[in-house]
Amino acid sequence: MRRIDILLASELSGGLAAFRHDDFEVVLHRWTDFAELPLIEGALWIFIDWVLPEMSGLELCRRLRGDSLTSHAHVTIVLEEDNVEDRKRALRMGADDYMVGPLTRSALLDRVLGANISEQDTANSRVLAQGELSVDVAAFQARWQGKPISLMPNELRLLRYFIEHPGRVFTRTQLIAALGKQEPAVDERTVDVWIGRLRRALKGVGAGNPLRTVRSLGYVFDAI
């Protein structure tokens with residue numbers, strides 16, 4: 001199935017329910033903490049309002065282009081009005097295109113579906129690595145020193161997220177949100193089960209235990 005993950009830096013009129021049609025899926029994420037991304041499993045598209053509470057939309061666009069996790073994203077700036085100078089500034093700052101707000105669910109889907117994105121564009125073919133530990137995103141396979149690691153889907157997605165964010169402490173709530181497990185609600189202790197399985201699998205192939213528990217906070221992946 002072709003998939004697009006959309007990050008929204010502001011509220012969206014019409015709701016955030018996923019859109020599916022035939023072999024195409026659009027997954028919407030409300031992105032409130034600009035320092036942390038959710039787990040992105042398809043092509044990445046980010047809609048940014050011209051004015052945001054924390055910073056300008058142009059500044060956020062600049063930061064996205066400088067981050068290896070988002071430099072490849074399609075960025076659309078949502079203008080408050082159709083101003084020629086604002087359009088030029090958005091494109092100079094690195095936006096791929098622009099549209100005039102307010103942004104609604106129907107307008108967003110019209111823009112995305114009208115882009116005629118190919119299956120190749122939506123394929124996530126990256127291989128992520130920390131030392132000799134790697135995750136082939138397209139193959140949905142983790143490896144240590146080239147040897148496959150047997151992981152269940154949640155544990156593999158969790159490992160991928162940790163590899164993308166080495167050295168950062170995540171609470172259980174943040175990990176649940178990153179994996180998109182809020183609906184239906186997942187008990188926080190379920191994260192401990194995922195971590196336990198992941199640790200056993202890593203130790204089983206000789207990768208040690210790069211997952212460290214931070215008391216009263218959560219978990220951190222120590223770079224290998």
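**Group meeting: a mixed sheet and its helices**

Let me begin with one pair of residues: D5 stands opposite L44 in strand β4, where strands (E, at least two residues) and helices (H or I, at least four) are DSSP runs numbered from the N terminus. This is a predicted model, in which local features need pLDDT of at least 70 and side-chain atom pairs count only at pLDDT 80 or more, while totals for chains, interfaces and linings use all residues. Residues are numbered from 1 along each chain as its sequence is written, and side-chain values use heavy atoms, with hydrogens and water left out.

Strand β1 (residues 2-8) and β4 (residues 43-49) pair in the parallel sense over five bridges, pairing being called when DSSP finds at least two bridges between two strands. Helix α1 (residues 57-65) packs on the sheet and touches β4 and β5 (74-79), its direction making about 155° with that of β4; contact means heavy atoms within 4.5 Å, and angles run from 0 to 180 degrees between N-to-C directions of lines fitted to C-alpha atoms, for helices over the stretch in contact.

As for the whole sheet, six strands form an open arrangement in the order β2-β3-β1-β4-β5-β6, with mixed pairing. Because β2 (19-21) and β6 (97-100) stand at the edges with a single partner strand each, one side of each is left without a neighbour in the sheet.

Finally, what of helix α5 (residues 153-164)? Ten of its twelve residues are buried, so α5 is largely enclosed by the rest of the structure, buried meaning under 20% relative accessible area with a 1.4 Å probe, protein chains only; among them are R157, Y161 and F162.

Notes. Buried < 20%, exposed > 50% of the residue type's maximum accessible area, 1.4 Å probe, protein only.
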